[in-house]
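Q: Please take a close look at a single part of this model, the place where two of its helices pack against each other, and describe it in connected prose.

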Amino acid sequence: MEGGNSPSLQLQQLPLATAAVSVQPHTDSFSYKENLIGALLAIFGHLVSSIALNLQKYSHIRLAGSKDPRAYFRTKTWWSGFVLLLLGELGVFCSYAFAPLSLIVPLSAVSVVASAIIGIIFIKEKWKPKEFLRRYVLSFVGCGLAVVGTYLLVTFGPNSHEKMTAENITRHLVSWPFLLYMLVEIIVFCLLLYFYKERNANYIVIILLLVALLGSMTVVTVKAVAGMILVSIQGTLQLDSPIFYIMLVCMAATAIYQATFLAQASQLYDSAQISSIGYILSTTAAISAGATFYLDFMGEDVLHICMFALGCLIAFLGVFLITRNRKKPVPFEPYISMDAMPGMQNMHDKGIAVQPDLKASFSYGALENNDSMPEIYTPATLPIVQEQHGPKGGPAPPYRVLEHSKKE
């Protein structure tokens, strides 16, 4: 009896043991190897994407004076950048399948560092040593801080690994911590959207918060899709599960709306501000979503969590210093001042109509009215005189303009 009951007892305890293992992080060397593979893929992807974007920008700059707005399609430089951009995005996508979400997301600081270095190396202008140090000292300090922060992120990042099967993703999707997180995020998103659309609160923080909340859901679904594809390649098919297509649709939808809000922000604010503030907000929201959905920090000790948070703060400071020192574009100023025309809006008045100063002499461009000039150059006035009305009942004659003679 006891020998017959022992196998059944072992079978009953097996699911409990597997459930406990799925939550606890792996401590073997293979999990660290997966972290390293994912981090290297993410760094490689961001580096290649930065090179690709700069190649495409270089192609657009060379063809800035072309009459054909689509001439860059016929250049090898633009197409080389396009191919490299696809390769870089593919590398970042694959990195989510190996490493935890909270480790991959902050590594996007590599793209900011790479863009700053590429801009300094390929700069066309010549600067004096004092001007060069004054202009780029913050960029060098920011690059150094971003590299230090990236090192801390990779070293002390979360080490929790879990197979992205349809069962595990569904279990995380209906867990109460994630449902509570989603409820709070939906409420915050609706409030921000109300102030942005109805109250015209076009602040950069509000727009980029909308982008960050959408981006947190994008990276959650990206990791689910990439992980299920990797598990399917390893031999366990997951592509026939409905949760895979649900995650795929959510990934596409959130990415499209995220790009829409980013385009609106780029029309209102400088790209340097969008890069720094967007990186900080998006990284914070994505780490919170990964810690809630995938339980990235489950089982991690306090020291690793604090060092990881320190690496994030150092990377945030580095990106802020890099983007703070970028050269801001100078808006086009017309030669004729628009504030000299009554009722016309100036580009700096934020929608307030500027009236001219009536006490000052009228100026049009660089030509000013000078009273000391001869009368022949003085603007002539055309007197308007109203003639006498005709008999009652008849129509009144129109106004007659008297001819202006030289004697007058």
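A: In this predicted model, the contact is made on the α11 side by Ala272, Ser275, Ser276, Tyr279, Ile280, Thr283, Thr284 and Ile287, which meet Phe308, Cys312, Ala315, Phe316, Val319, Phe320 and Thr323 of α12. Sorted by character, the residues of this contact comprise ten nonpolar and five polar ones, with no charged residue among them. The two helices span residues 271-293 in the case of α11 and residues 302-324 in the case of α12, and they pack at an angle of about 165° with their axes 8 Å apart. Because angles over 145 degrees count as roughly antiparallel, α11 and α12 are described as roughly antiparallel to each other, and the crossing in which α11 passes α12 is right-handed.

One residue of this contact, Val319 in α12, also leads to another part of the chain, since Cys143 lies 176 residues from Val319 in sequence, yet the two are 7.5 Å apart in space, C-alpha to C-alpha. Cys143 belongs to helix α6, which covers residues 129-156, and with a relative accessible area of 10% Cys143 is buried, the cut-off for that term being under 20%. When its neighbours within four places in sequence are left aside, Cys143 is in contact with Val113, Ala116, Ile117 and Ile322.

As for the setting of this part, the chain has twelve helices and four strands, and buried residues account for 34% of its 408 residues. Among contacts between residues at least 6 apart in sequence, 74% join residues at least 24 apart.

How values were computed: Residues are numbered from 1 along each chain as its sequence is written. This is a predicted model: local features need pLDDT of at least 70, side-chain atom pairs count only at pLDDT 80 or more; totals for chains, interfaces and linings use all residues. Side-chain values use heavy atoms; hydrogens and water are left out. Axes are lines fitted to C-alpha atoms, for helices over the stretch in contact, and angles run from 0 to 180 degrees between N-to-C directions. Angles under 35 degrees count as roughly parallel, over 145 as roughly antiparallel, 65 to 115 as roughly perpendicular and the rest as oblique. A crossing is left-handed if the near helix is turned anticlockwise from the far one by less than a right angle, and right-handed if clockwise. Contact means heavy atoms within 4.5 Å. Ala, Val, Leu, Ile, Met, Phe, Trp, Tyr, Cys and Pro count as nonpolar, Asp, Glu, Lys and Arg as charged, and the others, Gly among them, as polar. Buried means under 20% relative accessible area, exposed over 50%, partly exposed in between (1.4 Å probe, protein chains only).
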